[in-house]
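Here's a walk through a structure you may not have met before. Have a look at it, then read on.

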Amino acid sequence: MEGMTDAPESQKRALRAELRERRRIRTASEREREGTALTQHLIDLTSDLGARSIAAYLSLPEEPGTRDFVEWACENGIRVLIPVSRADGLLDWAPYDGSDEDEDLLGMPTPTSELLGPIAINSVDLIVVPAASVDRTGMRLGWGRGYFDKTLGSMENCPPVYAVIFDDELVDSVPSERHDQRVDGVVTPSGIVAF
Ligand SMILES: Nc1nc2c(c(=O)[nH]1)N(C=O)[C@@H](CNc1ccc(C(=O)N[C@@H](CCC(=O)O)C(=O)O)cc1)CN2
Ligand SMILES: Nc1ncnc2c1ncn2[C@@H]1O[C@H](COP(=O)(O)OP(=O)(O)OP(=O)(O)O)[C@@H](O)[C@H]1O
């Protein structure tokens, strides 16, 4: 297979490009159907865990949709922290308030609320992370800046961490390196899988 003998970094790069392209060609009707199902599973996960405070992210149009879920959480009095990328490789966190949006330095959507420092994530009951792909052992391939590996790797009492992906992004194996962090499960349009 192409790339099999490459170093993990270049395998990751090739895989991300392929996954990005697969996301790009999903149709509007697929996105809508999958988005509705995904939202319900995210709500169920949060409700089952009794989470009162969560970390999540505001999806871009081509990502599995988290926005209806974030809106639901906010309306139900659940505190939602959204990541804001920093130049030093760490993440600040901004509470979602349902009002205006801004962009972080990588162009990702963020609230305009106050910035909490990286340790703010220590107070949440559930962490919902983006991913490019996840394997059946929970190994996660991210989008390549190491933000979540650093964040999760530095947490002492980490709450459950779930990645949000499309069904075909749950695979048998992903290239990994020493610093890569596993997730506890994934949420896809077909359901919740805990590892
Ligand atoms: N909506 C959303 N917000 C998010 C993320 C995300 O994936 N989605 N993040 C998730 O971490 C963080 C931002 N991190 C990012 C990491 C990489 C790239 C990026 O553009 N990566 C390159 C691939 C580099 C490579 O292949 O090595 C790219 O996609 O072109 C963008 C944002 C925080 N906020
Ligand atoms: N805990 C860490 N400490 C220092 N550097 C790290 C750590 N985790 C990742 N990195 C660095 O970040 C870069 C990207 O790593 P990798 O390709 O694994 O990112 P990713 O898992 O796709 O991203 P993310 O974790 O943001 O989703 C690499 O250069 C890696 O060495």
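In what sense do strand S1 and S2 pair, and over how many bridges? Strand S1 (residues 53-55) pairs with S2 in the parallel sense, over three bridges. Two strands count as paired here if DSSP finds at least two bridges between them. The strands themselves (E, at least two residues), like the helices (H or I, at least four), are DSSP runs numbered from the N terminus.

A few ground rules before going further. This is a predicted model, where local features need pLDDT of at least 70 and side-chain atom pairs count only at pLDDT 80 or more, while totals for chains, interfaces and linings use all residues. Residues are numbered from 1 along each chain as its sequence is written, and chains are lettered from A and ligands numbered from 1 in the order in which they are written.

Let's step back for the overall picture. The protein chain has four helices and twelve strands, and its C-alpha atoms fill a box of roughly 50 × 40 × 30 Å along the principal axes. A compact globule of 195 residues would have a radius of gyration near 16 Å, and the chain has 16 Å, which agrees. That radius is taken over C-alpha atoms, and the globule rule is 2.2 Å times the number of residues to the power 0.38. Of the 195 residues, 33% count as buried, meaning that 20 or more other C-beta atoms, placed from the backbone, lie within 10 Å of a residue's own.

Now back to S1 and its neighbours. Together with helix H3 (residues 67-75), S1 and S2 make a right-handed β-α-β unit: with the strands pointing away from the viewer, the path from the first strand over the helix to the second runs clockwise. Within the S1-S2 pairing, isoleucine 54 has valine 80 in S2 as its bridge partner. S2 is largely enclosed by the rest of the structure, because five of its seven residues are buried. S2 is also joined to S3, this time antiparallel, by five bridges, and one partnership there is proline 83 with tryptophan 93 in S3. The two form a hairpin with five residues between them, and glycine 89 in the turn has a positive phi of about 90°.

These strands belong to an open, mixed sheet of seven, in the order S3-S2-S1-S6-S9-S11-S12. Strand S3 (91-95) and strand S12 (191-194) are the edges, each pairing on one side only. Further along the sheet, strand S9 (residues 161-164) and strand S11 (residues 185-188) run parallel, joined by three bridges, with alanine 163 opposite valine 186.

There's another open sheet too, mixed again, with three strands in the order S8-S7-S10. Here strand S7 (residues 133-135) and S10 run parallel over two bridges, and aspartate 135 stands opposite valine 171 in S10.

What about the ligands? Around ligand 1 there are 19 residues, the closest being Met108, Pro130, Trp143, Gly144 and Arg145; a residue is near if its C-beta atom, placed from the backbone, lies within 6 Å. H1 gives the largest share of that shell, three residues. Ligand 2 has 15 residues around it, and Gly142, Gly146, Phe148, Asp149 and His179 come nearest. There the largest share, five residues, comes from H4.

Conventions: Buried ≥ 20, exposed ≤ 12 C-beta atoms within 10 Å, placed from the backbone.
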